[in-house]
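This report covers a helix pair, the nonpolar cores and a few backbone features of one protein chain. Please have the sequence and the structure at hand while reading.

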Amino acid sequence: MSGYLVSDTRKVTTHRLMEMKQKGEKISMLTSYDYTMAGIVDKAGVDAILIGDSASNVMAGNQTTLPMTVEQMIYHARSVVRGVQRALVVCDMPFGSYQVNAAEGVTNAIRIMKESGCDSLKLEGGEEILDTVKRILDAGIPVMGHLGLTPQSINKFGTYAVRAKEQAEADKLMNDARLLDEVGCFGIVLEKVPAQLATEVTKQVKCPTIGIGAGSGTDGQVLVVADMLGMTQGFSPRFLRRYADLNSIITDAVGHYVGDVKSGDFPSEAEAY
């Protein structure tokens, strides 16, 4: 296969995402954490690639996203950027890199952008981090917000259950979305919130919304690539649709390789020099 699976091969920018919302064109987003996967995902035509701090779970085997460091995010982001030609590349700012104060947040944001070459950053939270978001935007760095279930706050929530089912939390989420939109965020991820609320937020803000477990009323969708490809096991939330079963395919392939090595079938004479 050569070329993209989409007809428009121009580089996706934050401005183009806004155009897509205005045209009613849905935005596709997936995570990637390495050069090889990012190249495949980009070539298949995804609009945006997120270097999520979910690398903590998927790549490092941690239980939460909290252990990820700025250095680790830069490593993953730099690897992804090298494999991408078309998609907008968004990198998560990891826990602890922007919560202390705005000045430290800006310093870390600039470092991630300079050392990784990514296009933009994503931060979790609303009004509480608004000053930091403003300062990062003032530095010329595009920012995507993230509301609803914010995994960096898992110890505060104590659960990965759906957020904003109660009116007070729903009102706060709506207000946070408006604030992030007004200050200039180019997009907002809405994670595990009621579909009706996500739809209303999408109508109220000018910037695109990207849902994960937030129904079909958002401007786009994001999934963790290892989940949607069926590489991970034991994780089956309602919002996850698996598009392949790579776990079985890879296991079978490795098993056949092991068998061929053990039997002496590999390498053959044709595979030797």
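Helices α6 and α8 cross in a right-handed sense. The model is a predicted one. Helix α6 spans residues 130-138, and its axis comes within 10 Å of the axis of α8, the two crossing at roughly 20°. Angles under 35 degrees count as roughly parallel, so α6 is roughly parallel to α8. On the α6 side, the residues that take part are L130, V133, K134 and L137, and they meet L179, L180 and V183 of α8. Sorted by class, this contact is made up of six nonpolar residues, one charged residue and no polar ones.

**Nonpolar cores**

In soluble globular proteins, nonpolar side chains tend to be buried together. Here the largest nonpolar core holds 59 residues. Within this core, the members that touch the most others are L121, L123 and L190. Which residues does L121 contact, leaving aside its neighbours within four places in sequence? The partners are V90, C91, M93, A109, I112, M113, I141, P142, V143, M144 and F186. Another core lies apart from the largest one and has 15 residues, including M29, L88, V189 and V222.

**Backbone features**

Most residues other than glycine have a negative phi, and most peptide bonds are trans. Two residues other than glycine with a positive phi are listed below, with their places in the chain.

| Residue | Phi | Location | Relative accessibility |
|---|---|---|---|
| A164 | about 60° | loop between α7 (154-157) and α8 (167-183) | 3% |
| K192 | near 50° | loop between β6 (187-191) and α9 (195-204) | 18% |

Are these two residues buried or exposed? Buried means under 20% relative accessible area. A164 counts as buried because its relative accessibility is 3%. K192 is likewise buried, since its relative accessible area is 18%. The loop that holds A164 leads into α8 (167-183), the helix that α6 meets through L179, L180 and V183. K192 is in the loop that follows β6 (187-191).

Where is the cis peptide bond? The bond from F266 to P267 is cis, with omega near 0°. P267 is placed in the segment after α11, a helix that covers residues 246-263.

Technical notes. Residues are numbered from 1 along each chain as its sequence is written. This is a predicted model: local features need pLDDT of at least 70, side-chain atom pairs count only at pLDDT 80 or more; totals for chains, interfaces and linings use all residues. Side-chain values use heavy atoms; hydrogens and water are left out. A nonpolar core is a set of buried Ala, Val, Leu, Ile, Met, Phe, Trp, Tyr and Cys residues joined through side-chain atoms within 4.5 Å. Buried means under 20% relative accessible area, exposed over 50%, partly exposed in between (1.4 Å probe, protein chains only). Contact means heavy atoms within 4.5 Å. Helices (H or I, at least four residues) and strands (E, at least two) are DSSP runs, numbered from the N terminus. Axes are lines fitted to C-alpha atoms, for helices over the stretch in contact, and angles run from 0 to 180 degrees between N-to-C directions. Angles under 35 degrees count as roughly parallel, over 145 as roughly antiparallel, 65 to 115 as roughly perpendicular and the rest as oblique. A crossing is left-handed if the near helix is turned anticlockwise from the far one by less than a right angle, and right-handed if clockwise. Ala, Val, Leu, Ile, Met, Phe, Trp, Tyr, Cys and Pro count as nonpolar, Asp, Glu, Lys and Arg as charged, and the others, Gly among them, as polar.
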